[in-house]
Amino acid sequence: MVTISARPRGKLMGMTTTAVPVPRWAERVAHLIPLVLLPQCVWRLPFAFGFDMGSGTGSIGSLWISVPYVFTLSLLTEALALLSFGLVRGWGEVAPAWVPVVGGRRLHPAVALVPATLGGLGATVLFGPFTLGALGVPGFAFTGFDNGAWELLFRICVLPVGLWGPLVLALTVHYAVRRRAATPSVNTSTANANRVSAPTGSR
């Protein structure tokens with residue numbers, strides 16, 4: 001009989017599987033977060049080459065400055081959005097094995113809850129006004145565009161960005177509830193393991 005090792009698959013499942021199953025809505029929210037940021041990231045890219053997209057702001061500097069700045073900002077924005085998957089993946093509960101010191105250890109919920117809460121609140125404060133402005137809410141109007149077409153394009157691109165913060169906060173609340181629900185099962189599994197490994201010499 002030939003035995004095939006399943007270790008690589010086990011490691012992969014450990015990275016993706018959570019102690020308590022993640023509901024479908026939370027999975028969809030995690031996938032939605034990078035998408036709501038994508039339009040404004042794409043809209044920003046022409047600024048790297050001196051084109052102000054009808055905003056009247058002009059060039060932000062030489063290409064040696066504008067290109068690295070704009071592309072780094074857009075990539076960093078999407079990278080931060082992708083971190084939201086940690087709230088619905090196993091690596092948000094148990095540190096990956098390659099992480100120094102804490103690799104393979106179960107993470108305290110606060111390790112994810114604190115930055116996720118602060119990030120969600122910060123994103124709501126910073127980007128919420130863009131969505132309000134795109135919806136035409138008084139006090140959040142956009143001005144200075146060359147014409148209405150450029151302003152309409154800007155409104156379309158920034159309309160979803162204000163959802164970033166609330167979506168992260170929704171996942172954060174779900175993460176906290178899920179981790180709390182997982183605690184009894186983890187304790188029960190540990191107790192069962194200790195019971196099985198106990199000496200049986202008295203039998």
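## The start of H5

At the start of H5, Asn147 places a side-chain oxygen within 3.1 Å of the backbone nitrogen of Ala149. Do keep in mind, as you browse, that this is a predicted model.

## Two sides of H5

Helix H5 spans residues 148–158. Which of its residues are buried? Phe154, Cys157 and Val158 are buried in H5. Around the helix axis they cover an arc of only 85 degrees, so they sit on the same side of H5.

Turn to the face of H5 that points away from this buried side, and you will find the exposed residues Ala149 and Ile156. Ala149 is thus worth a second look, since its backbone nitrogen is also the partner of the Asn147 side-chain oxygen. As for the buried residues of H5, they pack against H2 and helix H4, which covers residues 109–134.

## H2 against H5

How do the axes of H2 and H5 cross? They come within 7 Å, at an angle of roughly 140 degrees. That angle makes H2 oblique to H5, because only values over 145 degrees count as roughly antiparallel.

On the H2 side, Pro39, Gln40 and Trp43 take part, and they meet Leu153, Phe154, Cys157 and Val158 of H5. Sorted by class, this contact has 6 nonpolar residues, 1 polar residue and no charged ones. Phe154, Cys157 and Val158 will be familiar as the buried residues of H5.

## H2 against H3

Helix H2 (residues 24–44) also lies alongside helix H3 (residues 63–82): their axes come within 9 Å and cross at roughly 175 degrees. H2 is therefore roughly antiparallel to H3.

From H2, the residues making this contact are Ile33, Pro34, Leu37, Leu38, Gln40, Cys41 and Arg44. H3 answers with Val70, Leu73, Ser74, Thr77, Glu78, Ala81 and Leu82. By class, the contact of H2 with H3 has 9 nonpolar, 3 polar and 2 charged residues. Gln40 takes part here, and Gln40 also meets H5.

## Gly162, after H5

Continuing past H5, we reach Gly162 in the loop between H5 and helix H6 (164–196). Is Gly162 buried or exposed? Gly162 is buried: its relative accessible area is 9%, and buried means under 20%.

Leaving out neighbours within four places in sequence, Gly162 is in contact with Phe127, Gly128 and Thr131. For another distance to check in your viewer, take Ala134, 28 residues away from Gly162 along the chain: the C-alpha atoms of the two are 9.8 Å apart.

Methods:
Residues are numbered from 1 along each chain as its sequence is written. This is a predicted model: local features need pLDDT of at least 70, side-chain atom pairs count only at pLDDT 80 or more; totals for chains, interfaces and linings use all residues. Side-chain values use heavy atoms; hydrogens and water are left out. Helices (H or I, at least four residues) and strands (E, at least two) are DSSP runs, numbered from the N terminus. Buried means under 20% relative accessible area, exposed over 50%, partly exposed in between (1.4 Å probe, protein chains only). Contact means heavy atoms within 4.5 Å. Axes are lines fitted to C-alpha atoms, for helices over the stretch in contact, and angles run from 0 to 180 degrees between N-to-C directions. Angles under 35 degrees count as roughly parallel, over 145 as roughly antiparallel, 65 to 115 as roughly perpendicular and the rest as oblique. Ala, Val, Leu, Ile, Met, Phe, Trp, Tyr, Cys and Pro count as nonpolar, Asp, Glu, Lys and Arg as charged, and the others, Gly among them, as polar. The arc is that of the directions from the helix axis to the C-beta atoms. A polar contact is a pair of N or O atoms within 3.5 Å; within protein, one must be able to donate a hydrogen and the other to accept it, and residues adjacent in sequence count only if both atoms are side-chain atoms.
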